[in-house]
Amino acid sequence: MVSTESVLTFAAMSLLVIVIPGPSVLFVVGRALAHGRRTALATVLGNVIGCYALVVAVAWGLGALVQSSVALFVGVKLAGAAYLVYLGVQAFRHRGEMRVANMTAPAEERRGDLRSILDGMVVGVTNPKGIVFFAAVLPQFVDHSAGHLPVQMMVLGLVPVTIGLVTDTLWGLGASAARSWFARSDRRLSMVGGAGGLAMIGLGVTVAATGRAD
């Protein structure tokens, strides 16, 4: 149904787009610095789910509507940006609560995994980079003569989602490893938590300020 050539070509293009750090990568890094490896990996999982939700939306026509409507596109973008700023403010406000002792606290006392997954999903679904890529690029690789276009796009969509899962996980693990050095001191841990919060705030502002101008 989907030719091997189309999959390989789409995979190469997806890799070129994904290796350039965007909102998802920066969000995962910010989460890793502010909350640690477990939260970062849960965020990656949520982001992957959110990204694939975009694939499904594009496959069934909603993505094209978002891409063609300036107002709707801007609305989705601003919603994602506002949520990023909110999460960054919360991380910065609570930076003083980060302590070395908390690094080994039970899971229920740390940030909930489900909450982190949901946060990642919101960022994945409202990522302007993902919306543009899936709405504008993905449909170009389907074989119209083979039919079942939505199914073809959902299959092809697994390619960038898988690539993103691997690369975002590596980013999260790398940032978490750097955080472990800061964890040797409460002061340094508080500083890195604040830095992660500021990074998310800056990312939200950047997402809101960039994108389509039409």
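**Overall fold**

I began with the order of elements: from the N terminus on, the protein runs α-α-α-α-α-α-α-α-α. I am working from a predicted model here, so I keep to local features with pLDDT of at least 70. My tally of secondary structure gives nine helices and zero strands.

Next I looked at how the chain packs. Of the contacts with a separation of 6 or more, 86% come from residues 24 or more positions apart. I then checked burial, and 43% of the 214 residues count as buried. For the surface I noted about 10500 Å² exposed, with carbon and sulfur atoms supplying 70% of it.

**Record check**

I pulled the UniProt entry, which is unreviewed, and its "transmembrane region" annotation covers residues 6–29, 41–63, 69–89, 120–142, 154–177 and 189–209. I picked one of these spans, residues 154–177, to compare with the model. In the model that span is 100% helix and 0% strand. I put its end C-alpha atoms 34 Å apart.

**Salt bridges**

How many salt bridges are there? I count three. The general idea is familiar: side chains of opposite charge can pair when their charged atoms come close.

I started with R31 and D119, whose closest N and O atoms are 2.9 Å apart in a salt bridge. This pair links distant parts of the chain, since R31 sits in helix 2 (residues 23–35) and D119 in helix 6 (residues 113–125), 88 residues apart. Are R31 and D119 buried or exposed? I find both of them buried.

D119 has another partner. I see its side chain meeting R115 in a salt bridge, 3.5 Å from N to O. This one is local: R115 and D119 both lie in helix 6, four residues apart, about one turn of the helix. The two ends differ in exposure, though. I get 38% relative accessibility for R115, so R115 counts as partly exposed. D119 has a relative accessible area of 1%, which is under the 20% cut-off, and therefore D119 is buried. Taken together, I noted R31, R115 and D119 as linked in a network of salt bridges.

I then turned to R38 and D113, where the side chains meet at 2.8 Å, N to O. Which parts of the chain does this pair tie together? R38 lies in helix 3 (residues 37–59) and D113 in helix 6, so the pair joins parts that are 75 residues apart in sequence. On exposure, R38 has a relative accessible area of 45% and is partly exposed. D113 is partly exposed as well, with a relative accessible area of 26%.

**S14**

My last stop was S14, found in helix 1 (residues 4–18). Its relative accessible area is 1%, so I log S14 as buried. Where does the side chain of S14 reach? I traced it to the backbone oxygen of F10, at 2.7 Å. I also listed what S14 touches when its neighbours within four places in sequence are left aside: F133, P160 and I163.

I went back to the annotation for these positions. S14 falls in the annotated stretch 6–29, F133 in 120–142, and both P160 and I163 in 154–177.

Terms used: Residues numbered from 1 in each chain as written. Predicted model: local features only at pLDDT ≥ 70, side-chain atom pairs only at ≥ 80, totals over all residues. Heavy atoms only, no water. Salt bridge = Lys/Arg side-chain N within 4 Å of Asp/Glu carboxyl O. Helix = DSSP H or I, 4+ residues; strand = E, 2+ residues; numbered from the N terminus. Buried < 20%, exposed > 50% of the residue type's maximum accessible area, 1.4 Å probe, protein only. Polar contact = N/O pair within 3.5 Å; in protein donor to acceptor, adjacent residues only side chain to side chain. Contact = heavy atoms within 4.5 Å. UniProt positions renumbered as here; feature names shortened; annotations may be inferred. Areas by Shrake-Rupley, 256 points an atom, 1.4 Å probe, with all protein chains shown as cover.
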